[in-house]
Amino acid sequence: MIVRNVEPDDIYTVIDLEYQNFEYPYPPEIINFLFESYRDTFLVVEKDMDIIGFVIGIIQKKEGHILVIAIRDDYKRRGIGTILMKKLIEVYQKKGITKLKLEVRISNVAAISMYKNLGFKITNRLKHYYENGEDGLLLRRDKI
Ligand SMILES: CC(C)(COP(=O)(O)OP(=O)(O)OC[C@H]1O[C@@H](n2cnc3c(N)ncnc32)[C@H](O)[C@@H]1OP(=O)(O)O)[C@@H](O)C(=O)NCCC(=O)NCCS
């Protein structure tokens with residue numbers, strides 16, 4: 001298993017994983033835009049020539065903003081999401097970016113738990129943040 005930067009041939013599988021994992025997925029054109037604009041902070045996990053997970057971060061005002069992470073169902077809960085997040089944090093650190101933020105649905109206990117284990121703290125509740133009216137949580141991580 002390797003974690004590496006996204007390549008053009010990965011995009012189809014990334015879009016597929018996005019649709020498998022989210023009720024309101026980022027549309028392909030947004031994924032393509034993120035690929036074109038933020039390739040350094042767009043990482044994939046490759047196993048046996050297959051893409052089994054990805055994470056997309058961007059940089060806004062010298063702050064890292066993690067937009068999405070997803071792991072293929074049959075590889076969930078094996079520590080791969082954590083490995084991917086740690087690798088992305090390392091990429092940000094190499095760019096001198098130590099402040100990170102992300103939003104997550106309040107119902108997403110798996111992701112919230114993973115983020116907390118990685119040192120993220122809940123800083124705000126975002127009322128009706130999502131399309132279906134669900135609240136979000138804003139999480140931040142300020143340390144190196
Ligand atoms: C969230 C997600 C990326 C986690 O990836 P993963 O590889 O399964 O996570 P890990 O195996 O690294 O788990 C890390 C920690 O997260 C928590 N966690 C992960 N899955 C969990 C679950 N189903 N229930 C409760 N906690 C869970 C646990 O605290 C776990 O640590 P532990 O296994 O030592 O208890 C994955 O579940 C996923 O793809 N979810 C769908 C997409 C999504 O919701 N993305 C996040 C919002 S952008």
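Two strands count as paired when DSSP finds at least two bridges between them. By that criterion, seven strands of this predicted model form an open sheet. Their order is 1-2-3-4-5-7-6, and the pairing is mixed. Strand 1 (2-5) and strand 6 (121-126) stand at the edges. Each has a single partner strand, so one side of each is left without a neighbour in the sheet. Neighbouring strands are turned against each other by 25° on average, with direction ignored.

Take the pairings one at a time. Strand 4 (63-71) and strand 5 (100-105) run parallel and share three bridges. One of the residues to look for here is Gly64, whose bridge partner in strand 5 is Leu100. On strand 5 the sense also turns antiparallel: six bridges join strand 5 to strand 7. Val104 has its bridge partner, Leu137, in strand 7. Strand 7 (136-141) is also joined to strand 6, by five bridges, and these two strands run antiparallel. Here Leu137 appears again, standing opposite Arg125. Leu137 is thus the partner of Val104 and faces Arg125 as well.

How enclosed is strand 7 by the rest of the structure? Five of its six residues are buried, so strand 7 is largely enclosed. Strand 6 offers a residue to set beside this. Asn124 lies in strand 6. Its relative accessible area is 37%, which falls between the 20% and 50% limits, so Asn124 is partly exposed. Beyond residues up to four places away in sequence, Asn124 touches Gly136, Leu137 and Leu138. Asn124 and Ile52 are 72 residues apart along the chain, and their C-alpha atoms are separated by 31 Å.

Now add the helices. Helix 1 (11-21) lies across strand 2 (42-47), strand 3 (50-60) and strand 4. Helix 1 runs at about 85° to strand 3. Helix 3 (80-94) also packs on the sheet. Helix 3 touches strand 1, strand 2, strand 3, strand 4, strand 5 and strand 7. The direction of helix 3 makes about 155° with that of strand 4.

Several loops deserve a stop. Thr41 sits in the loop between helix 2 (28-37) and strand 2. Is Thr41 buried or exposed? With a relative accessible area of 2%, under the 20% limit, Thr41 is buried. Its contacts, leaving aside neighbours within four places in sequence, are Asn5, Val55, Ile56, Gly57, Ile58, Leu88, Val91, Tyr92 and Lys95.

Glu23 gives another loop position, between helix 1 and helix 2. Glu23 is exposed, at 67% relative accessible area. The C-alpha atoms of Glu23 and Pro8 are separated by 25 Å, with their positions 15 residues apart along the chain.

Two further loop residues call for a look at the backbone. Most residues other than glycine have a negative phi. Met49 is not a glycine, yet has a positive phi of about 70°. Met49 is found in the loop between strand 2 and strand 3. Met49 is exposed, with a relative accessible area of 76%. Lys62 also has a positive phi, near 60°. The place of Lys62 is the loop between strand 3 and strand 4. At 73% relative accessibility, Lys62 counts as exposed.

Last, the empty space. Rolling a probe the size of a water molecule over the atoms shows where such space is left. The largest pocket has a volume of about 1,200 Å³. Its lining has 39 residues, and the closest to the pocket centre are Phe22, Ile69, Asn108, Ala111 and Tyr115. Which helices and strands each supply at least two residues of this lining? They are helix 1, strand 4, helix 3, strand 5 and helix 4 (109-117). The chemistry of the lining is mixed: 22 residues are nonpolar, eight polar and nine charged.

The pocket brings earlier elements back together. Strand 4 and strand 5, the parallel pair, both contribute to the lining. So do helix 1, which lies across strand 4, and helix 3, which packs on the sheet.

Notes:
Residues numbered from 1 in each chain as written. Predicted model: local features only at pLDDT ≥ 70, side-chain atom pairs only at ≥ 80, totals over all residues. Heavy atoms only, no water. 1 Å grid on protein atoms, 1.4 Å probe; cavity = no way out; pocket = protein on both sides within 12 Å on 5 of 7 lines; lining within 4 Å. Points joined across faces, edges and corners; volume = space filled by probe spheres on them. Helix = DSSP H or I, 4+ residues; strand = E, 2+ residues; numbered from the N terminus. Nonpolar A, V, L, I, M, F, W, Y, C, P; charged D, E, K, R; others polar. Axes fitted to C-alpha atoms, helices over the stretch in contact; angles between N-to-C directions. Contact = heavy atoms within 4.5 Å. Buried < 20%, exposed > 50% of the residue type's maximum accessible area, 1.4 Å probe, protein only.
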